[in-house]
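Q: Can you walk me through this model? Keep it quick.

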Amino acid sequence: MTDKPVLELSNVSHEYRGRRGIFGQSAPMLAVDKVSLRVERGDILGIVGESGSGKSTLAKIMLGLLTPTEGEVLLDGRPAGSMTRRQIAERIGFIFQDPYSSLNPRQTVGKIVAYPLYLRGEGTSAQRQERARKILDIVGLPLRFFEAYPNQMSGGQRQRVAIARALITRPKLLICDEPTSALDVSVQAQVLNLLLELREEFNLMYIMISHNMGVIQHMTTRVAVMYLGRIVEMNTSKRIFEEPRHPYTQLLLNSTLTVAQGAGVPDLKVDTAKREAMREHPSFIAS
Amino acid sequence: MLINVENLNIDIATANGTLAAVQDVSFCVSKGETLCIVGESGCGKSITALSLLGLLPKVATRTARAMTFDGVDMQMMSKAELRALRGNRLSMIFQEPMTALNPLHTIGRQLLDVYRAHRKASRKEAKERAIYLLEQVGITNAVQRLNNYPHELSGGMRQRVVIAMALMCEPELIVADEPTTALDVSIQAELLRLLIDLQKSFGMGMIMITHDLGLVSRIADRVIVMYAGQVVETAPAEKLFTNPSHPYTRALLGSVPDPSHPRMKPLPSIPGTVPSLLNRMEGCHFLDRCPLASDACRKPIQLQQIGGNHEARCIKVGEGKIRLKVVA
């Protein structure tokens, strides 16, 4: 039981159907193309790639919000297709990119955080509130926020609320879609530190979807690089950053502007030929 | 000197009182020079940019001791004079290309309009200019592209069009407000490089507004760090990055996740959040979050010379390296 990966995707593909309407037709679009990956105990898996590379589609598939057109998703060794939404939600939590739109503005923080428990019909109202208080304390929010509304809070505080809401049902795996990209640099570090701390405390696994290579390098154990719907390279975080092998990974790393005074901006023109070459290039998947 | 701003103040009237969004900000930019204004959201950097172009919202009022463009007082300009300047000698690149472009017109029409509004030029001349610039910003088959609507282009392409549009009338100064944050990393680097190359070859001055310290370190000649409406530090780029002197600058530089930090270990971070500007603060705006704060920081603090064009708004500049707290 314990050595089964918590989440496993094998050869998962998803194709968005083309549309036929009064504005003409659109071709079907293969958003995710034969993706296989597994998340095991202790993992923080980073998923990087440009917009349109299929990261979000993949996240939706993992959450059971989309049924892949092909392939299999296993949760704790059981096919996710045979599970109910609730069973999936017990295992996987989700944090959205934008804490300004992911929290209901008309509900208090206490209600927002306790709501997943209510949905599951757990405990009495008082017990649920008690647990919400506890989890708010764990994510570092003072109790005075319990009765506050999201618009009274800063971005970092809201993201803490989102994290608390995701954790109150004690999932094993948390999918974080750009968890800090809407936050200021000075607050980003606070939230990243919190995620690392919670990982210890709850024995959590993360999937971090991000554009920010600095964040990915700092936070992950393994990295999957996506390009045009495929995983073109997957390896330990260390190796990805030390010896990137796929040309797209190399391009990503070269275009990351780290703090380096006077280094200038690298000249990276990507023309159609280069794109084509990256698409054709074989993948490097280390398990 | 191309643009000179002294003691710029911007107040915004809100339902809860007056918000001092920008307080005594001064800077100047010469031809070919790049000034970066860095800061977090709400620090006043974007509104500073808008005020340069006279594009402030109605609720905001601007006062400045001096504000000149190429020697002419911008505060005395009429609306017509300002309009003749904007998009012509002074242009702006906005963050969101989708909102900066009009979805109802082809990009060709939008590019031509800018040119013909400021120049006595025939449609043919304007079209030639547009094609030339689209090619300059790396758009292939520019002639056909002129007939495209913004929605037919990708985000990166749209931003190229916005850059081309800003360059139509050979501006002397470009104000760029986070021109690449909405784009993918690889396209971001490519477009930045393009923008700097064009800036160099046309000898333009540039004011780049951003929160990305990595970007700043690579393109800036001079940097202004803003915090809660004030300039907390200003210096030539090499001085700012080798000798960051304000505690906020140091903390900001320290909290960027990069390979210098041990992986998966807590990052140094700045506790707390940016204060609200609704209540006018007397002393240092960074007081509540600063590890060096003391009672002496509660009275007004001026920018202090540290030497060689380097100024910081801190009375404890000399006090060694700051140990940053690690908080979660």
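A: One term comes before the numbers. A residue is buried if 20 or more other C-beta atoms lie within 10 Å of its own, exposed if 12 or fewer, and partly exposed in between, with C-beta atoms placed from the backbone. By that count, 43% of the 287 residues of chain A are buried.

Q: Ground rules?
A: This is a predicted model: local features need pLDDT of at least 70, side-chain atom pairs count only at pLDDT 80 or more, and totals for chains, interfaces and linings use all residues. Residues are numbered from 1 along each chain as its sequence is written, while chains are lettered from A and ligands numbered from 1 in the order in which they are written.

Q: How many helices and strands does chain A have?
A: Chain A has ten helices and 13 strands. Helices (H or I, at least four residues) and strands (E, at least two) are DSSP runs, numbered from the N terminus.

Q: And why call chain A as compact as a globular protein of its length?
A: Its radius of gyration is 20 Å, close to the 19 Å from the globule rule for 287 residues, so chain A is as compact as a globular protein of that length. The radius is taken over C-alpha atoms, and the rule is 2.2 Å times the number of residues to the power 0.38. Along the principal axes, the C-alpha trace of chain A spans about 60 × 50 × 50 Å.

Q: What share of the chain A contacts with a separation of 6 or more joins residues 24 or more positions apart?
A: That share is 66%. Two residues are in contact if their C-beta atoms, placed from the backbone, lie within 7 Å.

Q: Sheets next. What is the strand order in the open seven-stranded sheet of chain A?
A: The order is β8-β9-β10-β5-β11-β12-β13, with mixed pairing. Two strands pair if DSSP finds at least two bridges between them. The edges are β8 (92–95) and β13 (284–285) of chain A, each pairing on one side only.

Q: Which helix packs on that sheet, touching β5, β8, β9, β10 and β11 of chain A?
A: Helix α1 (residues 55–62) of chain A does. Its direction makes about 155° with that of β9(A). Axes are lines fitted to C-alpha atoms, for helices over the stretch in contact, and angles run from 0 to 180 degrees between N-to-C directions. Helix α5 (residues 155–167) of chain A lies across β8 and β9 of chain A, at about 170° to β8(A).

Q: Are β9 and β10 of chain A parallel or antiparallel?
A: Parallel, over five bridges, with β9(A) at residues 173–177 and β10(A) at 205–209. A:I175 faces A:I207 in β10(A).

Q: What about β1 of chain A?
A: Strand β1(A) (residues 7–16) runs antiparallel to β6(A) (residues 70–75), joined by five bridges. There, A:S13 has A:E70 as its bridge partner. β1(A) also pairs antiparallel with β4(A) (residues 29–39), over seven bridges. A:L7 is bridged to A:V39 in β4(A).

Q: Switch to chain B. What is its sheet order?
A: An open sheet of eight strands runs β7-β8-β9-β3-β10-β11-β13-β12, with mixed pairing. Its edge strands are β7 (90–93) and β12 (304–307) of chain B. Neighbouring strands are turned by 20° against each other on average, direction ignored. Inside, β3(B) (residues 34–38) and β9(B) (residues 205–210) pair parallel over five bridges. B:T34 sits opposite B:M206 in β9(B).

Q: Why call helix α1 of chain B largely enclosed?
A: Six of the eight residues of α1(B) (residues 45–52) are buried, so the helix is largely enclosed by the rest of the structure. B:I47 and B:L52 are among them. B:G54 follows α1(B), with a positive phi near 65°.

Q: Domains in chain B?
A: Domain 1 covers 3–220 and domain 2 covers 243–312. Those bounds come from an automatic or database domain assignment. Their centres, over C-alpha atoms, are separated by 29 Å. Domain 1 of chain B gives eight residues to the contact, and domain 2 of chain B gives seven.

Q: Last one. How many residues of each chain are in the contact between chains A and B?
A: Chain B gives 42 residues and chain A gives 41. On the chain B side, α8(B) gives the most, with eight residues.
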